[in-house]
Each structure stands twice: as C-alpha cells, then as structure tokens.
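This report describes how secondary-structure elements are arranged and packed in one protein chain. The sequence and the structure are shown first.

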Amino acid sequence: MDVSHLLNQLNDKQRQAVSGPLSHMLVLAGAGSGKTRVLIHRIAWLVQVEQASPFSILAVTFTNKAAGEMRGRAESLLNMPAAGLWLGTFHGISHRLLRTHWKEAGLPQNFQILDSQDQQRLVKRVIKTLELDEAQWPAKQATWFINSQKEEGKRPQHIADNGDPFTRQMVRIYSAYEQSCQQQGVIDFAELLLRTLETLKKDANLLAHYHQRFQHILVDEFQDTNGIQYALLRLLAGKKAFVFAVGDDDQSIYGWRGAKIEHIQQFSQHFTNAEVVRLEQNYRSTGNILEAANTLIANNEGRLGKELWTDAGNGEKINRYIAFDERDEARFVVSRVQQWVEQGGSRSECAILYRSNAQSRTFEEQLIARAMPYRVYGGLRFFERAEIKDALAYMRLISHRDDNASFERAVNQPTRGIGERTMDSVRDIAKALNCSLWQAAQKCIDQNSLSARAHSALKGFMLLVESIAQKVEGMPLDEKVAAMLDATQLKEAYNKEGAEKSQTRKENLDELATAAKTFEYDSDNADYEGMSPLDAFLSHAVLESGESQADAWEDAVQLMTLHTAKGLEFPLVFLVGLEEGLFPHQMSIDEPGRLEEERRLCYVGMTRAREKLIISHAESRRLYGRSDNYCLPSRFLDELPKELLEDIRPPRQTFNTQYDAYRQAPVAKKSIADSSQPFNIGQSVSHAKFGEGVVLNMEGSGDHARVEVNFESEGSKWLVIAYANLQAV
DNA sequence: ATATAGAATCTTTTT
DNA sequence: GATTCTATAT
C-alpha cells in the first residue's frame, strides 16, 4: 500500500514516531512541534498500514474540544468516518464504561453526574448533617480532600489518620459523603474514574474483554495525567496493548489539580522497551521568541531536556513595556492592537494573555472605549449558569426522583413557599429513614406531618414534577424542555430581577431548548449508546459544560488566561502583568515546585506567539480594589536574555515625578513627529467642559486624529481633535 | 419565608 | 471591585 500521503508532509522525527514499530512509544513534543499532527497520523498509520481495526484503538485527550478536533482531523486523513474508534476524555470514556456496566459497578441504571458546584454543595450538606462547625471545616477544603484522595485511588478505609484529628475528621466527612452519593445514585467527576478503575479491577471477565479489544492506546497531553488516570491507563493497557503517549514536561501546568510530571519520567519503567522520540523542531514561532523561551525554561530543574529550534529566522525582538499602572498597560496594549489592525492584521490574530481572570476587566474597559470587538474566554459556562441549572434540575427529577441535589435546587425555584424550615424537617426524615429527599417528602405528605401551608406547597411541587413527567412522555427532547419551562413558569420567575438580566436568562433558557434539539438531532454519538435521550442529554450537560456553543464568529481580540491558551497560537501575543506576586502568583512564590510550574506557565504563554511577542508589567496596580500596590517586575523578566528584549517607552511625560527619571530616556517620537499635528505631547490644553489638562498621547491623522488628555479634574480621556475644540494654554 | 444589607473572601480549570 | 454567603429585619 502507498503510504506516502501519511509520511511525506512530516519531518524525520515526526516520521519516526508515526511509523514506529508496534511497541510502546513516548513522544516528547515541544510547543508547536506538531504533536497533535503526529498523534493523528499515528492513528491513520495503525489503520492503514498495520491493518488495525478502528475498534481496537482507544485515543484519550484532556478536553472535549480536543477530542472533537482530533476526530475530525483523523476522519479527514483516513478519508472515512472513524466509526468504532474510541476517542474521548478519560471522563467520557469512564462514563461510557459505567453506563454499559452499571450493574457490575454497583450503580443505578440512570445514575446522574454531579458537577463541581453540586459536589461542593453536597459536601456542605454532609458537614451540616454531621453537626460539625462549618467555619472550622469549610466545604471547599473537604471537597478538595475528597477529590485528591480519590485521585490517589483511596477510599476512606484506605486512609490512615495516624491519630491526626484533622485527617480523622476529613475521613469521616469523606465516608458520609460517599454514603450519601451512593444512596442518591449520583457520582462526581473523580468517582467516574475511580469507580471505573475498581470495577475493571475486581471483574476479571470484564477486564479481559477490554484487554482483548484495545490493542492500541494513544494519550494526548500526557504530562497532565493525574494518579487515577495513569492507573486506569496502565490497567487498560495490561500486558498486551501498545501505548503511544504524547506530552511535554515543560508544559505541565496542572500540578495543582493533581497532574504529575513524574508519569512521563516513569513511562519507560512501566511500559518496558518504550521508544522515546523527541520533537524539537518548532513550526510556530520566530527564532528570537524560541530562544527567549528556551532560556527561561532552562531555569527549571529536573527537566527531561529539550531545546526547541526553528529554521524560520530570528524575527523581531521581544518588546517590553513598563506601564505606570494597569490602565496605562491596557491603553498601551489596545493601541498596539489598533496599530496591528491598521497595518492590515485582523483582531482575531491578537491575544491578550494574563495570569488570572480578574485582570481582564481593565482590558475590556479599554477595548469598549475604543469600540473594538473582543471575546473573553473562560468564566461561566453555559451549563453552569444558574437558570440553566434550575431548568436541568427539573429535567433530572423527571428522570430521577431521588437526585437530592436537583430536589434542593428545584423545590423552591420559582419560590412557592417552601423554605429552610420545611426543608429541615424533610431532611430530618430523609436522614432517619436513610432515604432520598423525594421519598422523605412523600412520607411527610402521607403522614400529614407538616403545617397546612407547607403541606400544600410541597404537595403542589411534587404533583407538578409528576405531571410534567407524565405529560412529557414520548415527546422529543426539545419539546420536553419547552413543556417543562411552560409548566414550571421558570421564565416568569426571573421577571422581577431587572430587565437586562432577566432578558439574558430567558434567552439562555430558549437556548437550552435549542441545545436539546441539536443534541438529539446529531446524537449518533456512540458515547451515549443505550441511554434514553433525556439521560444522555443530562450527562452531556455535565460532562461538556458548553464551551462549544461559541458566539457567532466575529473578528475579535482574544482575551484569556494562560491556562486557557495552552494548545493555541496567535501571530501577536501580549503577555501582561509580569509582576512579582501576580505572575508568579503570590501563593506559588514560596514553594520551589510551584514556582517552577509558574515558570512553565510563562513558557507556555511565550510559545503561543508566532510573529510578535509583547510583554508588559505595571509599576503600580489596583488589586482587590486596594489602590497603592507598588509592584516589582517579575523575576521571569530577569531570566530572559537582555539582547532579545527591546524596551518600549511611552512617548509622553507624566506627572509622576517618582518615575520621571526612569522615563527620560530618549524615545522615538515618530508617531507624532511625522505629521503636522496641532498639539504636542506634554502640552497643556483646555477643554470647554473638562477644564485644563496635559496631552499624553496622540494617534491617527486628519479627521480621525485623536489625542489623549489627562484632565486635572476628570482624569484622562481620548478626544477626536476635530470635535473637541481644544485650546492651547 | 423572603428581601436586603453588611461581611467575608478572593489563583489557575476540565471533567 | 465584585461576587457570594450570613445575619438581620420585615
């Protein structure tokens, strides 16, 4: 068979990985070295050259987005639908296994999945039930404890407290939480993996079946696997399957979530005779950017060692801008984006990357002020919005009356007079009888043990759920959603919230019906085989929290955290807020391990840039509303080679004498000097309404020429010269 | 039972 | 600064 189409677009190393023999393989792939490409080509190679059946291949990624992208690219390379190929996240694959083998796993057939919000709420409930002081035992900490234990594969009985009262209490909470989950038939994200692992371990027949099936296992982003994922991988691989892992230890940025770089280092021990291939040729960034990134990451210890190179030439130097404060930083960044666009670039080619979400606001303000479209990634996802969760709670109750989290959520939304008091007595009964809230509520009604008012309200609620369940039977998914919204009057409940907010809520609820329709329409999705459409949709809502329904495409500036940016690339990248305490973050500064992770984060950020990288930091910054935070430049700046950096200083004078000396260095004033502008930087002017001020900056020419003026009373503003009628003072 | 005002708390994010 | 939880008043 002619295999040239699989190999001829690859370099030597890539080819070596793709066409390697049937054995274990570890591909250490640097940023921008074509790692996804190699993974996809390997799948095609296995199918077309090694004659492997797609049924015998399992490919694991870390996000649903990556999984979808990979399936698409694999199918186009194979030139056929990759039916039978298992491709998904660890969680998605575990979910599929548990749905098929719910009996063996000891779960109810229609078990529901808790998202992290639901999980924390349940932990909180449990702490209350155990009559512990919530201030002393925060739900957040307990949830973290439970998840990290599960990620180590540990059940309460496996944890030795060694007489430590803290651990003992945590184990108590873990244990009670577990009981509560089992009783309600719900499982959290970590449980999805742990339960799968345990089920396969104890059922030899089941394991043998999957050993038989999966001959080839491919793992993307291998550096991000946590303990339980790695254990699952080893178990599934058994002695016979070949594991093909792709990863980059320098891009491991999820240690705080339990990911362990050690897994890369252990790979060759656990998977014997593994071949190791390094991909070091970078096809993304210019030489200068790579050299700077290499120099930075060299400060980390215990690396596997890798040096990126390119034959694309040096490119421009990395620019650095020292801003006065965060507003100045944003102003600078946005003006450079504007410049980029004026020179023929598009906005979507520009990315503003920051350490923490809170930093986005200043940039947004500045972008709005200049009427420049932008898109912020991250934040609340579609299926995490309150109104969507309310609606889904009803849908879950229809399918699964014993789901306490949904009961709690739906019972008084919209408000129908069932408050804490009533719920407390229902909870007491549930606790006493060890049953679900729904069953307990049923008992309350039967025994007539509530006040007349609460009695009728609770009965009304239960009848409502029953009647919706009845009415909705046999309907297509989207009509079910619509009927539920109609019966519950959820939309009307948001009316009193204020026009704008309630409007978006209603739109979101409409969008939910649309999402249901699209989901049912294209649910040839093998992951949800054998489930009712409603249950499939509900699982989908939890497992894929909805980043896929991106906004209508618009040419917009991209704003996101460094974590979100992993795997992406942009021609122009701004790396902002490089200050000690912010990046590296204060909470990571004292621990060497965490500091190295911050450095990797910086490395990830820098290597997103294709053509131009601009780094900025501010001398003072408003943080948490407190104003006078004077910031030192980040240590990462000192770790970059001086000769690759070029300082950009603002062509302007400031009032701030403290920094005047710093800024007196000669600057290129070309943007002002080349046009016959009526004003000069630093000149005093007066405006009819805003009073007197000083010109800080200018841009544009002719009718569009604008000046930035710092007014004594109003602060700084951008004005169009043609309209502002400024007078020189 | 609910509305509203003060207090507390702030990384990073997928599943 | 902005959100989210807690205590208090209605």
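In this predicted model, the axes of helix α8 (residues 139-151) and helix α9 (residues 165-184) come within 10 Å and cross at roughly 80°. Angles of 65 to 115 degrees count as roughly perpendicular, and α8 and α9 are therefore roughly perpendicular to each other. On the α8 side, the contact is made by Q141, A142, F145, I146, Q149 and K150. Helix α9 contributes F166, T167, M170, V171, I173, Y174 and Y177. Sorted by class, the contact of α8 with α9 has nine nonpolar, three polar and one charged residues.

The strands are considered next. Six of them form an open sheet with parallel pairing, in the order β3-β2-β6-β7-β1-β8. Strands β3 (86-89) and β8 (275-279) are the edges, each pairing on one side only. Neighbouring strands of the sheet are turned against each other by 15° on average, direction ignored. Within the sheet, β6 (residues 216-219) and β7 (residues 242-247) pair in the parallel sense over four bridges. L218 stands opposite F244 in β7. In general, strands of a sheet pair through backbone hydrogen bonds.

Two helices that lie across strands of this sheet are listed below.

| Helix | Strands crossed | Angle |
|---|---|---|
| α5 (residues 90-100) | β2 (57-61) and β3 | about 115° to β3 |
| α13 (residues 262-270) | β1 (25-29), β7 and β8 | about 150° to β1 |

Helix α5 thus lies across the edge strand β3, while helix α13 lies across the edge strand β8.

How values were computed
Residues numbered from 1 in each chain as written. Chains lettered and ligands numbered in written order. Predicted model: local features only at pLDDT ≥ 70, side-chain atom pairs only at ≥ 80, totals over all residues. Heavy atoms only, no water. Axes fitted to C-alpha atoms, helices over the stretch in contact; angles between N-to-C directions. Helix = DSSP H or I, 4+ residues; strand = E, 2+ residues; numbered from the N terminus. Parallel < 35°, antiparallel > 145°, perpendicular 65-115°, else oblique. Contact = heavy atoms within 4.5 Å. Nonpolar A, V, L, I, M, F, W, Y, C, P; charged D, E, K, R; others polar. Pairing = 2+ DSSP bridges.
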